[in-house]
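Here are some notes for a colleague who is meeting this structure for the first time. Please keep the model open while reading the points in order.

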Amino acid sequence: MKKILLDSSAVIALSSAGVIEKVTERFEVFVAEGVYEEVYRRGFCRVGSHELQKLVENEKVQVVSAQDREKVKLLVDPLGTGEAETIVLALENSIPAVLDDRIARRKAYELGIEFFGTLKVLRFLYDTGDLSKEELVKAIKSLREVGFRISESLISKVLETL
């Protein structure tokens, strides 16, 4: 089973789309302590908090800590703690990260870290038969409804290749 690290935005987006549990069935999922803090503790009762807590309790998601705290501190500005920790963990463990923030993706690229976005995770679930075409379209629409920024051109690109 392939390992992935989820950033806060990915946890929230995949929870909003109602597919985060399917992700844990296909991947060994990790989140940084900062992501857990942001989504569950500070985001308590918001989308993603209950889902993440349940998955952690059921050992479907593992909360991990980056070893190189100095590197995390260096990345915190302009990134948030969760994004910085996710990037450092990806670097330390050679695990791909699911990042949607443009600045986080740029940093990951500069550091040579494998990364992809939430839409690629959704597309993977479709390709493996875990989501039907209708479920994929519904998931993408639900992301747009909760304010997830996805350009029309990117949505079109994903849907054209189905």
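1. A place to begin is the pairing of strands, where Ile 4 stands opposite Val 29 of strand E2. Please bear in mind throughout that the model is a predicted one.

2. The wider setting of that pair is a parallel arrangement, in which strand E1 (residues 2-6) and E2 are joined over 4 bridges. E2 also pairs in the parallel sense with strand E3 (residues 61-64), again over 4 bridges, and here Ala 32 has Val 64 in E3 as its bridge partner. Strand E2 itself, covering residues 27-32, is mostly covered, with 5 of its 6 residues buried.

3. The largest pocket holds about 790 Å³ of space, and its lining is made up of 26 residues, with Asp 100, Asp 101, Arg 105, Phe 148 and Arg 149 lying nearest the centre. By character, the lining divides into 11 charged, 8 nonpolar and 7 polar residues.

4. Which helices supply at least two residues each to this lining? They include helix H1 (8-16), helix H7 (102-110), helix H8 (118-127) and H10, and H8 gives the most, with 4 residues.

5. Helix H10 (residues 152-160) also contains Leu 159, which counts as partly exposed because its relative accessibility is 29%, a value between the 20% and 50% cut-offs. Leaving aside residues up to four places away in sequence, Leu 159 touches Val 137 and Ile 140. Leu 136 is 23 residues from Leu 159 in sequence, and the two are 8.9 Å apart in space, C-alpha to C-alpha.

Terms used:
Residues are numbered from 1 along each chain as its sequence is written. This is a predicted model: local features need pLDDT of at least 70, side-chain atom pairs count only at pLDDT 80 or more; totals for chains, interfaces and linings use all residues. Side-chain values use heavy atoms; hydrogens and water are left out. Buried means under 20% relative accessible area, exposed over 50%, partly exposed in between (1.4 Å probe, protein chains only). Contact means heavy atoms within 4.5 Å. On a 1 Å grid over the protein atoms alone, a cavity is a set of points where a 1.4 Å probe fits but cannot get out, and a pocket is an open set with protein on both sides within 12 Å along at least five of seven lines; lining residues have an atom within 4 Å of a point. Grid points are joined across faces, edges and corners, and a volume is the space filled by probe spheres set on the points. Ala, Val, Leu, Ile, Met, Phe, Trp, Tyr, Cys and Pro count as nonpolar, Asp, Glu, Lys and Arg as charged, and the others, Gly among them, as polar. Two strands pair if DSSP finds at least two bridges between them.
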